[in-house]
Amino acid sequence: MSSIPKSFVDLSTLPNVCLDIRYALDTNFMGRKVKGYDAPLCWMHKDGAVKLHQLAIRLKVIGLGLHIWDAYRPRRATTDMIEWSEETGNDWLIEQGYLVRDSRHNRGGAIDLSFYNLETGELLNMGTDWDFFGVESHAFEISGPVLDNRLLLRSSMQESGFVPYDVEWWHFELPNATELPVVDVPYTR
């Protein structure tokens, strides 16, 4: 059983949260479970978790909840992703900024998420799936109602104290994410 790092919070304890931890399955861009994800758990640094808790309460009023794919990522998982991309000829994922060697996720300071409708359980349409590696996933490379949904996510996260990443509409991080220590505790049951 994983021992959650002292400064982290289990995000499954947040209200109206749906965890979709695909790195613990084979339904991710690598097509297999990622090292360090032996259980579909999700943690984040307590500073981020407090902000997300407050956001979840505000979102409930408008009928939305948090759909989370990833937050803290064990260091070994990032190493696994980088090695996979180099071994499979997908170095462009690193070159274009979709994968980084020093991930804020490894510090518990980043999160990949969207919103879902509390009544229907359906995700808001953001135009691409999570971890879609193409220009369509860039925050503003879309128009109409999908752009409105992305802007709602972005403004809600910014108002909650998170910084967006324009290359991935789903990625947000704490302003001090690079100052947090790197952690390599795997998710296990």
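Which residue in E7 is the bridge partner of Ala-110? Glu-173 is the one, and the legends below start from the sheet that holds this pairing. Please keep in mind that the model is predicted.

**View 1. An open sheet is built from five strands.**
Following the sheet across, you meet the strands in the order E2-E4-E5-E7-E6, and their pairing is mixed. The edges belong to E2 and E6, each of which pairs on one side only. From one strand to the next, the twist averages 40 degrees. As a help when looking at any such sheet, side chains in a regular strand alternate between the two faces.

**View 2. Strand E5 pairs with E4 and with E7.**
E4 and E5 run antiparallel and are joined by six bridges. One place to look is His-67, which stands opposite Ser-114 in E5. E5 and E7 also pair in the antiparallel sense, here over three bridges. Along this pairing, Ile-111 faces Phe-172 in E7, and Ala-110 has Glu-173 as its bridge partner. E5 is mostly covered, with seven of its eight residues buried.

**View 3. Helices H1 and H4 lie across strands of the sheet.**
H1 lies across E4 and E5, and its direction makes an angle of about 140 degrees with E4. H4 lies across E4, E5, E6 and E7, running at about 125 degrees to E5.

**View 4. Helix H4 spans residues 144–159.**
Its 16 residues reach 22 Å from the first C-alpha to the last, close to the 22 Å expected at 1.5 Å a residue. The buried residues of H4 are Val-146, Leu-147, Asn-149, Arg-150, Leu-153, Arg-154, Ser-156 and Met-157. Their cover includes helix H1 (46–61), together with strands E5 (110–117), E6 (163–165) and E7 (168–173). Just after H4 comes Gly-161, with a positive phi of about 100 degrees.

**View 5. Ser-156 is a residue of helix H4.**
Is Ser-156 buried or exposed? Its relative accessible area is 9%, so Ser-156 counts as buried. A polar atom of the Ser-156 side chain lies 2.7 Å from the backbone oxygen of Leu-152. Setting aside neighbours within four places in sequence, Ser-156 is in contact with Leu-55, Arg-58 and Phe-115.

**View 6. Asp-70 in strand E4 has a polar contact with Tyr-37.**
The strand runs over residues 64–70. With a relative accessibility of 1%, Asp-70 counts as buried. The side chains of Asp-70 and Tyr-37 are joined by a polar contact of 2.6 Å. Leaving aside neighbours within four places in sequence, the contacts of Asp-70 are Tyr-23, Tyr-37, Cys-42, His-105, Ala-110, Ile-111, Asp-112 and Trp-130. Two residues in that list, Ala-110 and Ile-111, already appeared in the view of E5 and E7.

**View 7. Two aromatic pairs link distant parts of the chain.**
The structure holds 15 aromatic pairs. In one of them, Tyr-37 and Tyr-187 are tilted, at 5.3 Å centre to centre and with 45 degrees between the planes. Tyr-37 sits in the loop between strand E2 (17–19) and strand E3 (43–45), while Tyr-187 is in the segment after E7, 150 residues apart. Both Tyr-37 and Tyr-187 are buried. Trp-69 and Trp-169 form another pair: the ring centres are 6.1 Å apart and the planes stand at 80 degrees, so this pair is edge-to-face. Trp-69 belongs to strand E4 and Trp-169 to strand E7, 100 residues apart. Trp-69 is buried, as is Trp-169.

**View 8. Asn-16 and Asp-131 each have a positive phi.**
Most residues other than glycine have a negative phi. Asn-16, which is not a glycine, has a positive phi of about 55 degrees. You can find Asn-16 in the loop between strand E1 (8–10) and E2, where its 27% relative accessibility makes it count as partly exposed. For Asp-131, phi is near 60 degrees. Asp-131 is located in the loop between E5 and H4, and with 12% relative accessibility this residue counts as buried.

Terms used. Residues numbered from 1 in each chain as written. Predicted model: local features only at pLDDT ≥ 70, side-chain atom pairs only at ≥ 80, totals over all residues. Heavy atoms only, no water. Helix = DSSP H or I, 4+ residues; strand = E, 2+ residues; numbered from the N terminus. Expected span 1.5 Å × (residues − 1). Buried < 20%, exposed > 50% of the residue type's maximum accessible area, 1.4 Å probe, protein only. Contact = heavy atoms within 4.5 Å. Polar contact = N/O pair within 3.5 Å; in protein donor to acceptor, adjacent residues only side chain to side chain. Phe/Tyr/Trp six-rings, centres within 6.5 Å; stacked < 30°, edge-to-face > 60°. Pairing = 2+ DSSP bridges. Axes fitted to C-alpha atoms, helices over the stretch in contact; angles between N-to-C directions.
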